[in-house]
Amino acid sequence: MIYRVLTRKTPYDPKPRSGRPRVTDIRSDRRIQRMTLSQKMSVHEIAGASRLQISKNTVHRRLIESGYMIHAKMVRRLPLSKLHISKRLQWSRNQMSYVDKWMAVLFSDEKMVPRWT
């Protein structure tokens, strides 16, 4: 196979790929990456601001394909209130006096299983 390619007088051209062609080219892929980095825009905002008619899924795919950028939404969590902090501290102080009973607890795969003796 390699010998035939090397001895051929015409240049070797690979067959065209099957499937739907990409909507974006290399330049628009880089533009999407720059918009994400410099302006801190969301995927939906980038899809709306781009010059091409692309979906937010396409923008998300291009960001994942770039390899060095992970674009994900942060999970929203409320901070602990003062009441929750005080209850946690009280619980831990109660567990400190549990010295003799801890000897009867068997820890296996991070699950507390009491030993029946």
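Here are a few friendly notes on the salt bridges in this predicted model.

1. To start with the tally: the model has four salt bridges. The points below walk through the ones around Arg22 and Asp29.

2. Arg22 and Asp29 pair through their side chains, with an N to O distance of 3.0 Å. The two partners sit in unlike surroundings: Asp29 has a relative accessibility of 15% and therefore counts as buried, the cut-off being under 20%. Arg22, at a relative accessible area of 48%, is partly exposed.

3. Arg22 also forms a salt bridge with Glu65, at 3.4 Å from N to O. Glu65 belongs to helix H4 (residues 56-66), while Arg22 is in the loop between helix H1 (2-7) and helix H2 (26-39), so this pair ties together parts that lie 43 residues apart in sequence. Like Arg22, which is partly exposed, Glu65 is partly exposed, with a relative accessible area of 47%.

4. Asp29 has a salt bridge to Arg62 as well, and the closest N and O atoms of this pair are 3.5 Å apart. Here helix H2, which holds Asp29, is linked to helix H4, which holds Arg62; the two residues are 33 apart in the chain. Both Asp29 and Arg62 are buried.

5. Put these pairs together and shared partners join Arg22, Asp29, Arg62 and Glu65 into one network. If you are following it on screen, Arg22 is a handy place to begin: from there, go to Asp29 or to Glu65, and from Asp29 on to Arg62.

Technical notes. Residues numbered from 1 in each chain as written. Predicted model: local features only at pLDDT ≥ 70, side-chain atom pairs only at ≥ 80, totals over all residues. Heavy atoms only, no water. Buried < 20%, exposed > 50% of the residue type's maximum accessible area, 1.4 Å probe, protein only. Helix = DSSP H or I, 4+ residues; strand = E, 2+ residues; numbered from the N terminus.
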